[in-house]
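I sat down with this structure to look up its bound ligands and a few single residues. My entries are below, in the order in which I made them.

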Amino acid sequence: MTSRPLVQATPGDIAAAARRVMARCDELARVSAAPGRIERVYLSPEHARVNRLAAEWMRELGMRTWQDAAGNQVGRLGAAEKPALLLGSHLDTVLDAGRYDGIVGVLMALEVVRLLRVPTGDGWTCGLPFALEVVAFSDEEGTRFGKALLGSSAVAGSWDDAWWALQDADGVSLRQAFLEFGLDPGRIDEAARRPGEVVGYLEAHIEQGPELDRAAEPLAVVSSIASARRFQVVVEGEARHAGGTPYDMRHDALLGASEAALAVERLCSAEHHVIGTVGRFEAFPGAVNVIPGEVRFSLDLRGEFDGERDRVWLALARDLDEIMGRRGLRWSAREVHSAPAVFCAPLLQDVVAAGIRSTLPPRSEAPPVIFSRAGHDGMALGAITDVGMLFLRNPGGISHHPDEGVSTGDVAHGIRALAESVLQIAAEPR
Ligand code: HGY
Ligand code: MN
Ligand code: MN
């Protein structure tokens, strides 16, 4: 690691790059399935449109571009025989999303390529010991099919054929959606990278919480990414007349499920780094004058360590047995997503810290280091390569919401820090 900054860009270059990132975030925000809000899910027409835009911006930089077998949009600069350092993030969104979650990381990665590329006689190349690739992952959120990290799981070679049967809210299977998007399910393995092809994965992302804002810090090193498990829980009771059924005869699925949701809050808030959320909650038959006979709700459970997370899940299962037994209800849970915690590689944490130092005023204390409660594509990439992440301050810490934010100034710092991180990796003895 060298303490002398390696990036040669002028403040004007960096400021122009940050302005371009912010303008392109606004442009991509207009590609949505729902007017007036941002909604872009896997294998949708909107996914295809942002891939075309990203490919165009990659080609402008002289990158070779392709859409891989899982619908990820990829750009590469550098000799074909070199392994690649992967940069990037995701372009898919949650429902009614903000415009920076994932998006800003893809666009910052493109600006790093712009800063580090070197001209050749008829184009550009990458003068580093590795090639640079920018990957715009296609499904980090799992919004459409419930299973997250589908695009990055394909790149990591961990695709599970059981996922083909996953269905979206309209009953369209993942297999059918692939075919309609123009992808061949039989070729999914072609998206997989062999470990020797990749030297690492480095992602810039907004912090999806308030820590940096509260600390008045623009950037942070990420230490690890929380492990995740997602469940679809069903509570079954008895639908009956809302007026004629006395309380001692009721088996109200909604009240049992409501106690369950409160148990999630009680158990998780007693833990240091386990977080549980009930995000979707549906009562059936859903008539105002019928006692709900069935409730289906989602559970998103995360933890800094897999074991802590799993211990809370077992405690919750015991609570659900007690609640439903007391109320004469039945419950079941289907796990729809699971990803282990990923600990960012020490070398990549160090280069990200060096990158942060290179762009901020000299300081005695080390840059902030944050545990990411949010999930990221690095959770999948961790299976094949070292992962590093740079967080950018998000004013108010709001995310997965239209008010999600990041400042142009912090994006400028982030671009310089990310570029410096790449050069620090390149300077490492190989
Ligand atoms: O859910 C998450 O934590 C991420 O934003 N997909
Ligand atoms: Mn994200
Ligand atoms: Mn997200």
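These notes go from the ligands to single residues and then to the backbone.

**Entry 1: ground rules.** I am reading a predicted model, in which local features need pLDDT of at least 70, side-chain atom pairs count only at pLDDT 80 or more, and totals for chains, interfaces and linings use all residues. Residues are numbered from 1 along each chain as its sequence is written, chains are lettered from A and ligands numbered from 1 in the order in which they are written, and side-chain values use heavy atoms, with hydrogens and water left out.

**Entry 2: ligand 1.** Which residues are around ligand 1? I listed D101, E140, E141, Q208, R230, R302, A374, G375 and H400; a residue is near a molecule if one of its heavy atoms lies within 4 Å of it. By class, I noted five charged, three polar and one nonpolar residue in this shell. Here Asp, Glu, Lys and Arg count as charged, Ala, Val, Leu, Ile, Met, Phe, Trp, Tyr, Cys and Pro as nonpolar, and the others, Gly among them, as polar.

I then looked up atom distances. An N or O atom in the side chain of R302 is 2.5 Å from an oxygen atom of ligand 1. For E140, a side-chain N or O atom is 2.9 Å from a nitrogen atom of the ligand, and for E141 a polar side-chain atom lies 2.8 Å from a ligand nitrogen. On its own, ligand 1 has 210 Å² of accessible area, and the protein covers 94% of it. Such areas come from the Shrake-Rupley method with a 1.4 Å probe; for residues, only the protein chains shown count as cover.

**Entry 3: the manganese ion, ligand 2.** I found its protein donors to be H90 (NE2), D101 (OD) and H205 (NE2), at 2.0 to 2.3 Å. Donors are N, O and S atoms within 2.8 Å of the metal (3.2 Å for Na, K and Ca); water is not among the atoms, so sites may look incomplete. Along the chain the donors follow the spacing H-x10-D-x103-H. The pair H90 and H205 links distant parts of the chain, with H90 in strand β3 (residues 84–90) and H205 in strand β7 (residues 198–206), 115 residues apart. Helices (H or I, at least four residues) and strands (E, at least two) are DSSP runs, numbered from the N terminus. I checked H90 and H205 for exposure, and both are buried. Buried means under 20% relative accessible area, exposed over 50%, and partly exposed in between (1.4 Å probe, protein chains only).

**Entry 4: the manganese ion, ligand 3.** Which residue coordinates both manganese ions? D101 does, and the two ions are 3.5 Å apart. For ligand 3 I listed the protein donors D101 (OD), E141 (OE), E141 (OE) and H400 (NE2), lying 2.1 to 2.8 Å from the ion. E141 sits in the loop between β6 (131–137) and α4 (150–155), and H400 in the loop between β18 (387–392) and α11 (408–427), 259 residues apart. E141 counts as buried because its relative accessible area is 6%, whereas H400 is partly exposed at 38%.

**Entry 5: S138 and N51.** S138 also lies in the loop between β6 and α4 and is buried, at 3% relative accessible area. Its side chain makes a polar contact with the side chain of N72 at 2.9 Å. A polar contact is a pair of N or O atoms within 3.5 Å; within protein, one must be able to donate a hydrogen and the other to accept it, and residues adjacent in sequence count only if both atoms are side-chain atoms. The S138 side chain also reaches the backbone oxygen of A70 at 3.3 Å.

I looked up N51 next, which lies in helix α2 and is buried at 3%. The N51 side chain makes a polar contact with the side chain of Q67 at 2.9 Å.

**Entry 6: backbone.** Most residues other than glycine have a negative phi, and most peptide bonds are trans. I found a cis peptide bond between F284 and P285, with omega about 10°. L43 has a positive phi near 65°, and D96 has one near 55°. L43 is buried at 7%, whereas D96 is partly exposed at 30%.
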